[in-house]
Amino acid sequence: MAFHRGAKTKPKPARSSILLLVAAVTAIAILFLFSSMLSTDNVRRRQQQQQKQESEEKYLYWGTRIDCPGKHCVSCEGLGHQESSLRCALEEAMFLQRTFVMPSRMCINPIHNKKGILHHSTNATTSEERWAASSCAMDSLYDIELISGIVRVILDDSKEWYTVLSTSMKLGARGVAHVEGVNRVDLKENNRYLDLLLINRTASPLSWFMECKDRNNRSAIMLPYSFLPSMAAGKLRDAAEKIKAQLGDYDAIHVRRGDKIKTRKDRFGVARTLHPHLDRDTRPEFIVCRIAKWVPPGRILFIASNERTPGFFSPLSVRYRLAYSSNYSHILDPLIENNYQLFMIERLIMMGAKTFIRTFKEDETDYSLTDDPKKNTKVWQIPVYNADEIC
């Protein structure tokens with residue numbers, strides 16, 4: 001009997017696998033294209049929103065330098081004085097709901113800058129060159145983006161500011177108002193100023209904080225004293241955090257001497273000062289008595305001071321373990337270009353202390369080394385050196 005062998009079935013080509021692969025690739029391509037279109041659309045939408053926001057923004061301008069134009073263009077004030085003006089101008093921008101045009105550079109007072117400015121130019125001939133050589137970039141001191149989280153800020157060397165200037169010139173009187181001696185309430189409520197693109201405050205010869213402040217009205221103070229110190233540039237905050245981590249659990253004092261203890265002789269040849277107890281109260285033998293009730297013995301005590309006498313605070317080491325920013329030169333030296341940056345780091349360190357004692361009281365709840373008021377009536381008095389009480 002003959003057996004018929006069944007015919008072999010030829011294997012079918014893997015058409016289904018190929019189709020699946022093609023479908024998968026097509027789907028991925030479509031998804032990529034869709035994602036790309038979405039991404040482009042989102043970028044375009046953000047740009048449009050930003051352009052719309054900028055077109056609706058209104059601006060407040062006080063000048064190219066803090067307290068300048070005005071009498072302080074020549075005499076550069078210290079960091080604290082400039083911060084008072086800067087904080088006041090920022091408050092006004094907040095109150096008016098305007099973008100503040102911040103100077104792109106801050107003047108460095110040589111009296112407060114024993115470190116000097118690195119890369120100082122000795123060949124500066126024009127006023128602008130001298131200004132650049134005696135100033136530092138504002139964003140090397142402050143985190144502009146961080147400040148803008150509270151009150152929007154742009155720098156006066158930014159593209160946005162040049163656009164604002166160009167637009168305001170085209171608009172003429174409808175675009176800008178040059179004001180002097182007008183308080184912030186009038187600027188906000190007077191219809192004349194409401195829709196203006198730019199309010200220009202540079203007409204005032206006074207310090208900014210003298211023109212815009214209402215410091216007697218506590219409810220008018222929108223930004224606390226600690227606002228700008230806490231807005232330090234990121235690299236300064238990072239350095240402060242490293243030093244705080246190495247200090248561990250510590251206390252801190254800020255000892256203001258230097259310019260504050262200066263004296264002058266009256267017509268009878270008697271030395272007088274604006275702060276009669278300050279020289280005494282900031283000497284180590286008086287400091288140790290004053291802070292004993294706040295800082296127990298054996299604690300780490302971080303000292304920030306403008307006193308330049310070597311070893312001046314050494315007597316405090318009998319009671320405390322002393323620390324200075326100079327102990328952390330490996331962190332600070334590669335970073336610090338001037339004393340303003342150094343003091344901003346020191347402030348952050350002091351703000352992080354368990355107990356912080358200022359030289360003068362800023363608020364009623366502050367601990368202070370002296371009871372002399374920081375701001376007085378310009379009465380020059382004979383310095384006092386005898387102790388009011390026994391330690």
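What share of the contacts in the protein chain with a separation of 6 or more comes from residues 24 or more positions apart? The share is 75%. Keep in mind throughout that this is a predicted model.

1. **Overall make-up.** The protein chain has 391 residues, and 40% of them are buried. It holds 14 helices and 14 strands. About 23,000 Å² of the chain is exposed. Carbon and sulfur atoms supply 54% of that area.

2. **A sheet with β1 and β2.** Five strands form an open sheet here, with parallel pairing. The order is β5-β2-β1-β7-β6. At the edges sit β5 (153-155) and β6 (176-178), each of which pairs on one side only. Neighbouring strands of this sheet are turned against each other by 25 degrees on average, direction ignored.

3. **The β1-β2 pair.** Look at residues 59-61 for β1 and residues 99-102 for β2. These two strands pair in the parallel sense over three bridges. One pairing to find on screen is Y61 with V101, its bridge partner in β2.

4. **Helix α2 on this sheet.** Helix α2 spans residues 79-96. The helix lies across β1, β2, β5 and β7 (198-200). Relative to β2, helix α2 runs at about 155 degrees.

5. **A sheet with β8.** Another open sheet of five strands has the order β12-β11-β8-β13-β14. Its pairing is parallel as well. The edge strands are β12 and β14 (367-368), and each pairs on one side only. Strands of a sheet pair through backbone hydrogen bonds, either parallel or antiparallel.

6. **Strand β8, buried or exposed?** Six of the six residues of β8 (residues 250-255) are buried, so the strand is largely enclosed by the rest of the structure. Y250, A252 and H254 point one way from β8. D251, I253 and V255 point the other way. In a regular strand the side chains alternate between the two faces of the sheet.

7. **Partners of β8.** Strand β8 pairs with β11 (residues 300-305) in the parallel sense over six bridges. Strand β8 also pairs with β13 (residues 356-358), in the parallel sense over two bridges. I253 is a handy landmark for both pairings: this residue stands opposite I303 in β11 and opposite I357 in β13.

8. **Out to the edge at β14.** β13 and β14 run parallel and are joined by two bridges. I357 stands opposite Y367 in β14. From I253, then, one can step to I357 and on to Y367.

9. **The other edge, at R321.** R321 lies in strand β12 (residues 321-323). Which residues does R321 touch, not counting those up to four places away in sequence? They are G298, R299, I300 and L301. R321 and I300 are 21 residues apart along the chain, yet their C-alpha atoms are separated by 4.6 Å.

10. **Salt bridges.** The count comes to 17 salt bridges. In one of them, the side chains of E160 and R152 meet at 2.8 Å, N to O. E160 counts as buried because its relative accessible area is 13%, under the 20% cut-off. R152, at 23%, is partly exposed.

11. **The D279 group.** D279 forms a salt bridge with R283, and the closest N and O atoms are 3.2 Å apart. D279 is buried, with a relative accessible area of 12%. R283 is partly exposed, at 28%. Salt bridges that share partners join R257, D279, R283 and E307 into one network.

12. **R358 and D366.** The side chains of R358 and D366 also meet in a salt bridge (3.2 Å, N to O). D366 is buried, with a relative accessible area of 16%. For orientation, R358 falls within the residue range of β13 (residues 356-358).

13. **A nonpolar patch at the surface.** Y162, L165 and M169 make a nonpolar surface patch of about 340 Å². Y162 is found in helix α5 (residues 159-171). Why is Y162 classed as partly exposed? Its relative accessibility is 48%, and the exposed class begins over 50%.

Definitions and conventions
Residues are numbered from 1 along each chain as its sequence is written. This is a predicted model: local features need pLDDT of at least 70, side-chain atom pairs count only at pLDDT 80 or more; totals for chains, interfaces and linings use all residues. Side-chain values use heavy atoms; hydrogens and water are left out. Patches are made of residues with over 30% relative accessible area and no salt bridge: like charges are joined within 9 Å, nonpolar side chains (Val, Leu, Ile, Met, Phe, Trp, Tyr) within 5 Å. Accessible areas come from the Shrake-Rupley method with a 1.4 Å probe; for residues, only the protein chains shown count as cover. A salt bridge is a side-chain nitrogen of Lys or Arg within 4 Å of a carboxyl oxygen of Asp or Glu. Helices (H or I, at least four residues) and strands (E, at least two) are DSSP runs, numbered from the N terminus. Buried means under 20% relative accessible area, exposed over 50%, partly exposed in between (1.4 Å probe, protein chains only). Two strands pair if DSSP finds at least two bridges between them. Axes are lines fitted to C-alpha atoms, for helices over the stretch in contact, and angles run from 0 to 180 degrees between N-to-C directions. Contact means heavy atoms within 4.5 Å.
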